[in-house]
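Hello,

I am passing a structure on to you, with some notes on what turned up in it. Please have a look at it first and then read on.

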Amino acid sequence: MYPILKIRYLLFLFFLNACDSEVNNLNINDKNLALANGVMYYKNMPYSGTLSSKIDTLIVNRITYLNGKKHGKEQKFFFNGELAAVRFYTDGKKSGTHKGWWDNGQLEFVYHFDDNGNQIGMQQEWYSNGQLAKEFNFTNGKEDGTQKKWDFKGKIIANYLVINGERFGLIGSINCKPDNYVD
C-alpha cells in the first residue's frame, strides 16, 4: 500500500507544479503584465516567476522575478540561439558577475556587482576583434585605483589613477592635447 501512496503523492506534486509553472513562466507580451515604478505586476499583483520573450520558437530573453523585482538570472540570446549575455539580480539590484559576448563569440564585457548593485572590482570591456577596450576598478560603486581605456587597435587613450575620488593621469580627453599634437 505504501508505494501506491508514494506514487499518488508524487503525481499530486507534479500536477501542482505543472499548474503553477503556467503562471510562473510567462511571455513578456502577456497583456496582464505591467511595469510600474520598477516593479513587474501580473494581474495587479507583484509577479514572481520567469518572463521570456520569443521570436517564433526561439527565446531571445529570459528574466526571473521575485515579488515584482528582478531576482536571479537574466539571459539574453542571439537569434541563432547562442548566449549573448547573462546577468544576476538580488531584489531588483544588479549582483554577481555579468558577462556578455559579441555575436562572433568574443567576450564583450565582464562586470562585478555586490548585492546592493554597486560595481566592485575590475570591470572589463572588449572590442569585437578581441582587443581590450576598457579596464576600470571600482570599490563600493565608485572608481578606485587604476583605470585604462584603449582604442580599437590597442593604443591606450586613457590611463589614470583614482585616489579618494580624485583622478591623476591621462584622462583621454581630446581637449587636453596641445594644438600641435600629431598622432
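Leu161, Ile163 and Phe168 together make a nonpolar surface patch of about 250 Å². This is a predicted model, so please keep that in mind throughout, because low pLDDT means that predicted coordinates should not be read in detail. Of the patch residues, Leu161 belongs to strand 15, which covers residues 156–163. Leu161 counts as partly exposed because its relative accessibility is 34%.

Now for the whole protein. The secondary structure comes to one helix and 16 strands. Of the 183 residues, 25% count as buried. The protein exposes about 12,500 Å², and carbon and sulfur atoms supply 54% of that area. Among the contacts with a separation of 6 or more, 13% come from residues 24 or more positions apart.

How confident is the predictor? The average pLDDT is 84, and 81% of the residues score at least 70. Over residues 5–22, though, the pLDDT is below 50, and this stretch has zero contacts in the model beyond near neighbours in sequence. Residues 174–183 also have a pLDDT below 50, with two contacts beyond near neighbours in sequence. Where pLDDT is low, the predicted coordinates should not be read in detail.

One sheet you may like to find by eye is an open one of three strands, in the order 2-3-4 and with antiparallel pairing. Which strands stand at its edges? They are strand 2 (33–36) and strand 4 (45–46); each has a single partner strand, so one side of each is left without a neighbour in the sheet. Strand 2 pairs with strand 3 (residues 39–42) over four bridges, in the antiparallel sense. To place that pairing, look for Ala34, which stands opposite Tyr41 in strand 3.

Next, strand 6, where two residues are worth a visit. Ile63 lies in this strand, which spans residues 58–66. Is Ile63 buried or exposed? Ile63 counts as buried, because its relative accessibility is 7%. Leaving aside neighbours within four places in sequence, Ile63 is in contact with Gly49, Thr50, Leu51, Lys70, Lys73 and Glu74. Asn25 is 38 residues from Ile63 in sequence, and their C-alpha atoms are 9.7 Å apart in space.

Val60 is also placed in strand 6. Val60 is buried, with a relative accessible area of 16%. Not counting residues up to four places away in sequence, Val60 touches Ser53, Lys54, Ile55, Gln75, Lys76, Phe77 and Phe79. For one of these, Lys76, the C-alpha atom is separated from that of Val60 by 5.6 Å, with the two positions 16 residues apart along the chain counted as their separation.

What about charged pairs? A search of the whole structure finds two salt bridges. One is formed by Glu74 with Lys70, and the closest N and O atoms are 3.7 Å apart. Both of these residues are also on the contact list of Ile63. Glu74 counts as buried at 5% relative accessibility, whereas Lys70 counts as partly exposed at 24%.

Glu143 and Arg167 form a salt bridge too, with their closest N and O atoms 3.4 Å apart. This pair links distant parts of the chain: Glu143 is in strand 13 (residues 142–143) and Arg167 is in strand 16 (residues 166–170), 24 residues apart. Glu143 is partly exposed, with a relative accessible area of 21%. Arg167 counts as partly exposed as well, at 44% relative accessibility.

A last stop is Leu107, in strand 10 (residues 107–113). At 22% relative accessibility, Leu107 counts as partly exposed. Which residues does Leu107 contact, leaving aside its neighbours within four places in sequence? They are Gly100, Trp101, Trp102 and Trp126. Trp126 is 19 residues from Leu107 in sequence, and the two are 6.6 Å apart in space, C-alpha to C-alpha.

I hope these notes help you find your way around.

Best wishes

Note on methods. Residues numbered from 1 in each chain as written. Predicted model: local features only at pLDDT ≥ 70, side-chain atom pairs only at ≥ 80, totals over all residues. Heavy atoms only, no water. Patch = residues over 30% accessible without salt bridge, like charges linked within 9 Å, V, L, I, M, F, W, Y side chains within 5 Å. Areas by Shrake-Rupley, 256 points an atom, 1.4 Å probe, with all protein chains shown as cover. Salt bridge = Lys/Arg side-chain N within 4 Å of Asp/Glu carboxyl O. Buried < 20%, exposed > 50% of the residue type's maximum accessible area, 1.4 Å probe, protein only. Contact = heavy atoms within 4.5 Å. pLDDT = per-residue confidence, 0-100. Pairing = 2+ DSSP bridges.
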